[in-house]
Each structure stands twice: as C-alpha cells, then as structure tokens.
Amino acid sequence: MGSFSSDLISILEFLLPGFVAAWLFYSLTSYAKPSQFERVIQALIFTLFVQAIVAVLEVSALSVGGFWSMGPWTESLSLFTSIVVATIFGVAFSYFANNDQIHKYLRSKGLTRETSFPSEWFGTFLKNVTFVVLHLKDERRLFGLPIEWPSEPVKGHFVIADPSWLLEDGSEQRVVGVSQILIDVVDVKWVEFLEMT
C-alpha cells in the first residue's frame, strides 16, 4: 500500500505543473472551460512541454555546476522549477490568446484564417472599443460605452457607461442619475458599433 501511495504522489508531482499552466490559462482568458477529460488532456500536453523545459534547465544547471557550484539538483528543486516554468508558460499562453499576435502573424502568412479569441463575438468587442447601440428585443435602443461585455452571445451581461435611450425621432434621452446600466445579453437582438469620433 505504501508503494502505491508513493507512486501516486510521484505521478501527481509530475502532472502538477501541467494542471497549474492549464488553470492559469483558463483563469486569465475568456475561453470556456472544456470537459474534465479535455482539461486533463490539455494538462498532459502542458506537462510535456514544462517537463521538457525543466529537463533542459537541469542539464544546463549541471553543466554550469561543473564550473560554478550552486548546490545539488534535488527533487524539491525540480518540482519548484517545474511550477515556476508552468506559471510562466500559463501566463505566456494567456497573453498570446488574449492579444491575437500569434494568429495575426499566421494569418499574414496564409497559414490560418482563425483568431486566438474564443469567439467572433468576443473578438469584435475587444477590437472595437467604441460607443455602441444595443437593440433590445422590446424595440428600445440603448446607447453608451461598453465597460464590460459577455464573452459569449448567449449568457452574461453588458455594463454600459453613460447610458442614453435613443428615441423614435432620433433624439437621445439621457438616463439621469445613472452612471452605468447592466443589460442581460438575452434581451439584446443585435449590437451596432459606432464609428470612433
């Protein structure tokens, strides 16, 4: 029984960096969390990359240690290094997923037509920081600046700053005494992005 528990601890220590990287990625991006099975597969992929980097760092440290010793490479140092690498890895993947830089480069080379954003909805709001008009299902129109918006078009809320109702005659009726208004996305038929002025 003791052998089984020590093997389990060794396996968890080996897989922990991948789970840390995956947790950071999903915490820092608007991607929907996949099923548990898919998250385990992604954590295994992250673990493969992290453990490969740690192995290179270990070989490099041992090579440098031949000239200048900083101490032995231990299991606890290996675990600590893998957690640090996993943290850097998760934050780096989140950064590139949130700014579309890698996919932008790949699109310029004709390798893909995809973006790194979780949906067209999310990418459109991120790239168009401007005033919007929300067309509500009850035929009213709300004008304002979106401070926050849902990551998906089916759930979540808009936070609209400096809101005004647009009337039938084209005039604008400011919502007096309100700095922000919260609108459920299910109440919105479509969104107009106004030209930046």
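**Group meeting: packing around Thr130 and the two cores**

Thr130 counts as buried, since its relative accessibility is 7% and the cut-off for that class is under 20%. I should say at the outset that we are looking at a predicted model. Where does Thr130 sit in the chain? Its place is the loop between helix 5 (120-127) and strand 1. From that loop, the side chain of Thr130 reaches the backbone oxygen of Leu194 at 2.9 Å.

Thr130 also brings us to the empty space inside the model. The count comes to one cavity of 30 Å³ or more. Its volume is about 30 Å³. Which residues line the largest cavity? The lining consists of Phe125, Asn128, Val129, Thr130, Leu145, Pro146 and Trp149.

Two of those lining residues, Phe125 and Trp149, lead to the aromatic side chains. Ring pairs join Phe125 and Trp149 with Trp121, Phe158 and Phe193 in a cluster.

Phe158, in turn, takes us to the nonpolar packing. The largest nonpolar core holds 13 residues, and those touching the most other members are Leu134, Phe158, Ile183, Val188 and Val191. Strand 1 (132-136), strand 3 (157-166) and strand 6 (188-193) are the elements that give two or more residues to this core. Apart from it lies another core, of ten residues, with Leu24, Val50, Val54 and Ala86 among them.

Let me take Val188 as an example from the largest core. Which residues does Val188 contact, leaving aside its neighbours within four places in sequence? They are Leu134, His135, Leu136, Lys137, Phe158 and Ile183.

I turn now to the aromatic pairs across the whole structure, where the search finds 14. In one of them, the ring centres of Phe25 and Tyr26 are 5.1 Å apart and the planes stand at 85 degrees, so the pair is edge-to-face; the angle required for that class is over 60 degrees. Phe25 is buried, at a relative accessible area of 12%, and Tyr26 is buried as well, at 10%.

A further pair is formed by Phe46 and Phe89: with centres 5.9 Å apart and planes at 90 degrees, this pair is therefore edge-to-face. What does the pair link? It links distant parts of the chain, with Phe46 in helix 2 (residues 36-65) and Phe89 in helix 3 (residues 75-99), 43 residues apart. Both Phe46 and Phe89 are buried.

To close where I began, Thr130 is a buried residue that helps to line the largest cavity, and its side chain reaches the backbone oxygen of Leu194.

Terms used. Residues numbered from 1 in each chain as written. Predicted model: local features only at pLDDT ≥ 70, side-chain atom pairs only at ≥ 80, totals over all residues. Heavy atoms only, no water. Core = buried A, V, L, I, M, F, W, Y, C linked by side-chain atoms within 4.5 Å. Buried < 20%, exposed > 50% of the residue type's maximum accessible area, 1.4 Å probe, protein only. Helix = DSSP H or I, 4+ residues; strand = E, 2+ residues; numbered from the N terminus. Contact = heavy atoms within 4.5 Å. Phe/Tyr/Trp six-rings, centres within 6.5 Å; stacked < 30°, edge-to-face > 60°. Polar contact = N/O pair within 3.5 Å; in protein donor to acceptor, adjacent residues only side chain to side chain. 1 Å grid on protein atoms, 1.4 Å probe; cavity = no way out; pocket = protein on both sides within 12 Å on 5 of 7 lines; lining within 4 Å. Points joined across faces, edges and corners; volume = space filled by probe spheres on them.
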